[in-house]
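Trainee: I'm new to this one and would love a close look at a single part of it. Could you walk me through it slowly?

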Amino acid sequence: MGGISGQGVIVGILATGIRLATPFLFASLGEMFSQRSGVFNLGLEGIMMMGAFAGFMTSLKTGSPWLGVLAAIGVGAILGLLMAFISVTMQAEQGISGIGLHMFCWGLSGLLFRVYLGFITSCKGFGPWNVPVLSSIPILGPILFQHNWMVYFALVLVPVSWFVLYRTTWGLKVRAVGTTPQAADTLGVDVNAIRYQCVILGGAMAGLAGAFLTVGQANMYADNITAGRGFIAVALVYFGRWSPVGILLGSLLFSMMNALQLWIQVLGISFPYEFAVILPYVMTIAALAVAVRRVWAPTALGKPFRREAG
Amino acid sequence: MKKRIGASDSLLQLGVLVGALVLALLVGAGLIGLARANPITAYRAMFTGPVSGRYGITESLVKATPLLLIGLGIVISFRSGILNIGGEGQMIAGSLAGAAVALAFPSLPAALLLPLTMIAGILAGAVWGGIAGWLKARLSVNEILSTVMLNQIALQINLYLIRGPMIDPQEVAYGTGCPQTALLPRSIWLPRIIRGTRFHWGLVIAIAFAILVYIFLWRTTVGYRMRASGAGPHAARAAGIQVENYQILAMALAGGFAGLAGVVEVLGVHHRVLEGLSGGYGFSGIVVALFGRLHPLGCIPASILFGMLTLGADMMQRAVQIPAAIVMAIQGLVVLFVVGSDLLIQRPDLLRRRPTPAQTPAATGRSAGIAPGNGKEVNG
């Protein structure tokens, strides 16, 4: 291990794991709201790609990663609006429309990347911000408190999402619309409006997740930078049983495995690279197989709402 | 099952398809403008290329071949109420298994080796698809998510094999190390229909299978049960159909067709497995299936149309330097517009904005025109 202490390695793995959980948290918490309201948005992966590209290009052109984040959120929200229109207003089959949205974003980000850039370069990103006092705590400090603001923000969003979902009127409406839309409608809740809000929110957060990959982590953009993370984020919503805490645990489990895999490579332990990359995908399938029971799913998930049918 | 479709219904359906394509191309023109190019010049290259001359026409058909085979598999799975997004992975699995068999037994007579190679490819694809079907039927794992993951896994296994154990010994000997397998024995290459082009017999095989799939789905008991499982799983179950088993079968068949597409692509075009062989065909196959109105015979013209579009985009890239990636964006829009317009086909009254009495029970909310029963199956 050449100079790296055992403790140092473990701290390194845990700190990397916390950082890698960020895009999953953003995207999954957003998708949670979308699915809680009854809409299954499978286009997350594509929205993340577009968010990553928008964040990167804006930061590159303006020199401000903050504007990059705003652009990514904006692009994500617009794509969420498109998904909402297709799945809520036009009542399309959600699985296929999500794939259509993914293909659209995939092609578009590939097109824009080749036209406006065509080569790998780096942009301005966010550096780490050490939390005063806390970051100097031994072991815990480096693991939790020496990241950039996006990492802290993602972690803070977990209790915030919980509060919004379970302790606000809007959250109650979201849950009602996703389980018993007819009843919610009878009580005067605008089912489709709530669904629009949730899908747009989910899109914006997927855009933010994409921006983390470029301006929050790598400071560069490459084709297929999301590498299936958007799909894994959708799976994590199932795995986390549609609750913020479950999603936090699922995201951490995944990102810790990922961090372990990265550190295995860093430490030069011989292991075919491709198999290390496969690990999260195999884990996703395994997680879905053990964790998913229909009982926890919002009962109206995937079903368009038609008022006159009630 | 499906209500008899009148002439005006068919016209409406055709109109919706044409409308979706035209709308997608119009948005595509906007995207080309965004890419700082002239949409008219770009589209001229894209549409005239594939129809002018022997090269364009034959290459379009070469591209249509895997699209048709994958599309047929997707028709079977969608009709059975299961969404197969795993065409990419299943195609890769098929191409690898086929190549492995062909490279392992190069001295076998072609009459034996060719069918063996094809069967290996079909079986590998069927297993790769069957895994997702089994996971769905037995453990209620959402098949969209599992097939997406299986795509990524197949992609990495492919890279591992063609960089390592299955790499062309010549690449190692010359030190170039290009990730690809050795050439398959020349005796089993699919013969070309037109000399001097890459147009091979694969398309004929695919069209023959399209007819077989039609007969299978509409003229056999198993096919009927599969469609019944897709159209209404509860009713099918009440009628004693073991829906879960037919879903596994549907995914295995869909995977088998994608696997065959992989083998045919290897035997007919590349003669070896290389990186990026699947090249988005798994996703384009979904577009072909939707555009063929989930009918095996409808997939034939649809695959040729999208084969031409794919080739046209390549030619456009060469002629006016607009990235061919745009064709994926256009296909995505076609998917969105086709499934989005489903409501208009089912409920033409909405076009006239006149309130009507309830037509469907609240719980169904599915889009029967596109994928029977799928609305119910999303959350599993």
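Trainee: Is A:Val133 buried or exposed, and how many other C-beta atoms lie within 10 Å?

Mentor: Happy to help, and please keep in mind that this is a predicted model. A:Val133 is exposed: 9 other C-beta atoms lie within 10 Å, and a residue counts as exposed if that number is 12 or fewer. As for its place in the chain, A:Val133 sits in the loop that links H4 to helix H5 (140-144) of chain A. Its backbone deserves a look too, since A:Val133 is not a glycine and yet has a positive phi of about 65°. For background, most residues other than glycine have a negative phi.

A second residue makes a good companion to this one. A:Ala227, also not a glycine, has a positive phi near 45°. You will find A:Ala227 in a loop as well, between helix H9 (191-218) and H10 of chain A. Its surroundings hold 17 other C-beta atoms within 10 Å, so A:Ala227 is classed as partly exposed.

Now let's step back to the chain that carries these loops. Chain A is built with 12 helices and zero strands, so its pattern along the sequence reads α-α-α-α-α-α-α-α-α-α-α-α. Its radius of gyration is 20 Å, close to the 19 Å that the globule rule gives for 310 residues, so chain A is as compact as a globular protein of that length. The C-alpha trace of chain A spans about 70 × 45 × 40 Å along its principal axes. While A:Val133 is exposed, 56% of the 310 residues of chain A count as buried. Contacts in chain A often link distant parts of the sequence: among those with a separation of 6 or more, 78% are between residues 24 or more positions apart.

H4, which comes before the loop of A:Val133, also has a part to play in the meeting of the two chains. In that meeting, 52 residues of chain A are in contact with 52 residues of chain B. Helix H4 (94-116), helix H10 (229-239) and helix H12 (273-291) of chain A each supply at least two residues of the side that touches chain B. H4(A) gives the most to that side, with 17 residues. By type, the residues on this side of chain A are 32 nonpolar, 13 polar and seven charged.

Key:
Residues numbered from 1 in each chain as written. Chains lettered and ligands numbered in written order. Predicted model: local features only at pLDDT ≥ 70, side-chain atom pairs only at ≥ 80, totals over all residues. Contact = placed C-beta atoms within 7 Å. Helix = DSSP H or I, 4+ residues; strand = E, 2+ residues; numbered from the N terminus. Nonpolar A, V, L, I, M, F, W, Y, C, P; charged D, E, K, R; others polar. Rg over C-alpha atoms; globule rule 2.2 N^0.38 Å. Buried ≥ 20, exposed ≤ 12 C-beta atoms within 10 Å, placed from the backbone.
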